[in-house]
Amino acid sequence: MAASPFSGVLQLTDLDDFIGPSQDCIKPLKVEKKPGKSTAKIRIEDDGNYFQVDQDGGSQKLEKAKITLNDCLACSGCITSAESVLITQQSHEELFKVLQANKTSGSAPQKLVVVSVSPQSRASLAARFELPPLDTAKKLTAFFKRLGVHFVFDTTFSRNFSLLESQREFVRRFQRRAEDQRALPMLAAACPGWICYAEKTHGSFIIPHLSTARSPQQVMGALVKDHLAKLQHLTPDQIYHLTVMPCYDKKLEASRTDFFDQEHQTREVDCVITTGEVLKLLDHEGVALTDVEPAPLDSMFSSVSGEQLLGHSGGGSGGYLEHIYKYAAKELFGIQVEDVHYKPLKNKDFQEVTLEKDGQILLHFALAYGFRNIQNLMQKLKRGKSPYHYVEVMACPSGCLNGGGQIRAEGEPSKDLLQQVDRLYGSVRCQKPETDRAVEELYDQWLGGPDSEQAQKALHTQYHAVEKANAGFNIKW
């Protein structure tokens, strides 16, 4: 087996920190049970098809069983999940089906189609087509609307809510740490690959430490299927919401039952496609993004100021550590922090930040990217040796800009491409989430205030320990 960057206890065949989208975890089959005690054998042909061979020599081709993303969420047989196990509702083909249905519906009600684009995906596309981020956003908007999409939003906007809720949650946890020892460290929960691993592997031990603030994708899901639906006088199931994300695991996040509207039988995010799948969309239409005429950006649910895109400081994974650190320093200790100084530890994907006064450490934060560093963090927590109050945890090495669904390098070192994506991502003007007046107004108009029951429902979630099942693999966790 080739060397794996996983730590020794996290090795499964030739897996890496990414599970490629072409790797199937299992080959599910439907076998019809027949009366009697006769036995049958399963024969696998060179083309991958399965046949049931009876005792009399007859054979029958077996039908593959469909496995949904919910089945993947309930399986403890893998670490992170980018399997293409017959995922039927999470592909760009599904978008085409909805758009085609709209065109041929006649007098029947059409779906309102909404696309929400992550800033990490936008930066990757900007690097691929050698465009500035603003031009990329305008051309993407034009491209999607040419297909028949009605609104194109930017998840930077919904990340404002995620950051603000994370800030407040941390301060509350810090203040009650004496009564609840499991209140700290608080661990970021915006990465679904990390969450999937945490629920399946560490279960009830780690769940109390996970931040309950929703990810930007799922905050946008609530915004679109609740607030936008009401503004458009529609029910949630009359809206089709697609997101463009830098990683395959976001498909799993969208498929969680916690984000399913039982009353209207619809998901808050109906479909997730990766940055790479946007290229397939462009190829399908026979156009390059550079050739698309730009269109004005939608101002609702988008972080724009005039002709400028807005972003957040603190790195390509959302800046959770930096924003919570600055907010906590001011709220808890009255200290105004302007610049955050990171101290690299064993590698650049494991760094620390401390707030000190008179030789005493007041706040001790860290970021841990990639499963090697996550496993080291888990070992420290289980031994009671973790000094941290907060950790920004992301499954991918180098964080979300290097997500498994991002566009890969062609003829150039991947490190150079990642640096270019990082530069483009960081080139937009940064804004503090506290200063976004549109967000402040939505807290009142949509949620009835930040402390309301509606705010808790729309902006927070919960996690579930997954019982380990015998998945047929010889895995040592």
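Two exercises follow on strand 6 and helix 3 of this predicted model.

**Exercise 1. Place strand 6 in its sheet**

Task: Determine which strands pair with strand 6, and in what sense.

Solution:
1. Start with burial. Strand 6 spans residues 112–117, and 6 of its 6 residues are buried.
2. Split the strand by face. Leu112, Val114 and Ser116 lie on one side. Val113, Val115 and Val117 lie on the other. Both faces are covered.
3. Find the partners. Strand 9 (residues 239–245) pairs with strand 6 in the parallel sense, over 6 bridges. Strand 7 (residues 151–154) also pairs in the parallel sense with strand 6, over 4 bridges.
4. Fix the register at Val114. This residue stands opposite His241 in strand 9 and opposite Phe151 in strand 7.

**Exercise 2. Describe the packing of helix 3 on helix 12**

Task: Work out how the axes of helix 3 and helix 12 are arranged, and which residues meet.

Solution:
1. Check the cover. Helix 3 covers residues 119–129, with 10 of its 11 residues buried. Among them are Arg122, Leu125 and Phe129.
2. Note the exit. Just after the helix, Glu130 has a positive phi of about 55°.
3. Take the geometry. The axes of helix 3 and helix 12 (residues 414–425) come within 8 Å and cross at roughly 120°.
4. Classify the angle. The two helices are therefore oblique to each other. Their crossing is right-handed.
5. List the contact. From helix 3 come Pro119, Gln120, Ala123, Ser124, Ala126 and Ala127. They meet Leu417, Gln420, Val421, Leu424 and Tyr425 of helix 12.
6. Sort by class. The contact has 8 nonpolar, 3 polar and no charged residues.

Technical notes
Residues numbered from 1 in each chain as written. Predicted model: local features only at pLDDT ≥ 70, side-chain atom pairs only at ≥ 80, totals over all residues. Heavy atoms only, no water. Buried < 20%, exposed > 50% of the residue type's maximum accessible area, 1.4 Å probe, protein only. Axes fitted to C-alpha atoms, helices over the stretch in contact; angles between N-to-C directions. Parallel < 35°, antiparallel > 145°, perpendicular 65-115°, else oblique. Left-handed = near helix turned anticlockwise from the far one by under 90°. Contact = heavy atoms within 4.5 Å. Nonpolar A, V, L, I, M, F, W, Y, C, P; charged D, E, K, R; others polar. Pairing = 2+ DSSP bridges.
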